Amino acid sequence: MSVKIGIPRALTYYAYYPVWKEFFEGLGMETVLSRPTTKKILDNGVKETVTDACVPIKLFHGHVLDLKDRVDYIFAPRFVSVNNEKTVTFCPKFLGLPNMIRSSISGLPPLIDIRIDLKKGRTELFKICYRLGRQFDADLLTIIKAYMRGLKAQARYQMLLNQQLTPVEVLNIMEGGEQPVQNTKESLKFAVLGFPYTVYDKFVNVDIINKLHKLGIRVLTAEMVPPKQLLSQAKKVPKNLFWNFSNQVLRAALYYLDNAKVDGIIHITAFGCGPDAMVDKMIELEAKQRGKIPFMSITVDEHTGEAGLMTRIEAFVDMMVLRRGLS
Ligand code: SF4
């Protein structure tokens with residue numbers, strides 16, 4: 001029977017799942033994904049996490065609990081950096097994630113808590129994979145093949161994202177699902193920005209993307225901007241932010257404000273997130289400076305209610321329809 005590696009459907013799942021799934025499977029292991037977020041998963045996570053943590057960290061705990069009794073190992077890496085931008089790192093909660101999980105949840109299977117720090121260059125990723133492969137007694141050739149398989153899957157993932165699909169749609173296609181049909185009747189275009197784990201977890205954000213589609217809004221997200229274009233936005237701000245995903249969100253906002261003529265921006269933030277507070281203000285100011293592009297900030301937490309959120313979204317859309325004279 002093959003070794004089962006549990007991968008929580010939270011945090012970096014929405015950014016790097018393909019590479020790790022294919023790498024582990026290339027080593028001959030079985031990967032098990034935690035189930036999509038439900039109230040039970042969230043409630044279990046809330047119970048086990050320190051109270052002042054942000055909701056994405058509580059959700060990660062919930063997804064770890066969902067896997068706990070079904071797998072041999074749980075993948076909970078320590079993400080430090082994913083490129084060579086020297087001053088950019090992941091938020092401290094990512095840096096301490098394996099420790100936090102270990103101290104909060106008892107009876108866990110062993111964690112795969114590798115440190116992912118790619119500041120020194122792309123060969124670092126191979127070194128990490130090599131060490132990981134050796135830990136499971138894989139030989140060099142198997143490790144190289146698994147590594148290449150992971151990179152290929154991640155490249156395909158990125159290529160599909162660049163076709164203006166969301167990570168959830170892309171992952172569905174990669175599992176054999178159909179390409180979604182573009183709704184040609186959508187008349188307004190919104191950038192919906194935020195960390196991928198708040199934008200695409202439809203339980204925690206009460207399915208905002210689908211709700212906007214139903215209101216006739218075309219949705220553009222940060223992950224749809226090609227990485228090179230994102231990087232080129234860095235020169236528009238005097239200084240990089242420290243945090244990896246915060247830079248991504250701010251740069252995507254600048255890209256959409258200057259290139260895509262969006263009708264509005266919705267920023268989804270997580271309650272209890274320090275980095276988000278600054279990004280939110282910066283996007284609001286940039287939107288104002290560029291011809292007063294309407295901006296709305298939505299904060300999600302474990303108590304986010306559908307009715308209140310819907311009222312705000314509908315009011316925002318109505319204002320835009322009036323502004324554009326579409327009614
Ligand atoms: S960036 Fe914010 S939302 Fe994300 S893990 Fe850190 S504190 Fe939480």
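Start by colouring the two domains of this predicted model separately: the protein chain is divided into domain 1, residues 4-161, and domain 2, residues 182-324. If you place a marker at the centre of each domain, taken over C-alpha atoms, the two markers are separated by 26 Å.

Next, select the residues at which the domains meet, where 24 residues of domain 1 are in contact with 23 residues of domain 2. On the domain 1 side of this contact, show the helices α1 (13-26), α2 (39-48) and α3 (55-67), each of which supplies at least two residues to the side that touches domain 2. The helix that gives the most to this side is α3, with four residues. Colouring the touching residues of domain 1 by character gives 16 nonpolar, five polar and three charged residues.

Stay with domain 1 and turn to the strands β2, β1, β3 and β5, which form an open sheet in that order with parallel pairing. The edges of this sheet are β2 (30-33) and β5 (111-112), and because each has a single partner strand, one side of each is left without a neighbour in the sheet. Inside the sheet, select β1 (residues 4-7) together with β3 (residues 73-75), which pair in the parallel sense over two bridges; Gly6 has Ile74 of β3 as its bridge partner. Now bring back α1, already shown for the domain contact, and you will find that α1 lies across β1, β2 and β3, running at about 175° to β1.

Move on to the other open sheet of four strands, which has the order β8-β7-β9-β10 and parallel pairing. Here β8 (217-220) and β10 (295-300) stand at the edges, each with a single partner strand, so that one side of each is left without a neighbour in the sheet. Looking along the sheet, neighbouring strands are turned against each other by 25° on average, direction ignored.

Within this sheet, select β7 (residues 188-193) and β9 (residues 264-270), a parallel pair joined over four bridges, in which Val192 stands opposite Ile266 of β9. Then add helix α13 (residues 274-289), which packs on the sheet by touching β9 and β10, its direction making about 170° with that of β9. Helix α14 (residues 306-324) also packs on the sheet, touching β7, β8, β9 and β10, and its direction makes about 170° with that of β10. To look at the pairing of β7 with β8, note that four bridges join these parallel strands, and that Phe190 stands opposite Val219 in β8.

Keep Phe190 and Val192 displayed, and add Ala191, Val249, Ala253 and Ile265: of the 91 residues in the largest nonpolar core, these six touch the most other members. Helix α12 (residues 244-260) contributes the largest share of this core, nine residues. The core lies between domain 1 (4-161) and domain 2 (182-324), because both domains give residues to it. As background for this part of the view, nonpolar side chains tend to be buried together in soluble globular proteins.

As a last selection, centre the view on Ile265. Which residues does Ile265 touch, not counting residues up to four places away in sequence? The residues to highlight around Ile265 are Phe190, Ala191, Leu193, Ala253, Ile283, Ala287, Ile293 and Phe295.

Note on methods: Residues are numbered from 1 along each chain as its sequence is written. This is a predicted model: local features need pLDDT of at least 70, side-chain atom pairs count only at pLDDT 80 or more; totals for chains, interfaces and linings use all residues. Domain bounds come from an automatic or database domain assignment. Two residues are in contact if their C-beta atoms, placed from the backbone, lie within 7 Å. Ala, Val, Leu, Ile, Met, Phe, Trp, Tyr, Cys and Pro count as nonpolar, Asp, Glu, Lys and Arg as charged, and the others, Gly among them, as polar. A nonpolar core is a set of buried Ala, Val, Leu, Ile, Met, Phe, Trp, Tyr and Cys residues joined through C-beta atoms within 7 Å. A residue is buried if 20 or more other C-beta atoms lie within 10 Å of its own, exposed if 12 or fewer, and partly exposed in between; C-beta atoms are placed from the backbone. Two strands pair if DSSP finds at least two bridges between them. Axes are lines fitted to C-alpha atoms, for helices over the stretch in contact, and angles run from 0 to 180 degrees between N-to-C directions.
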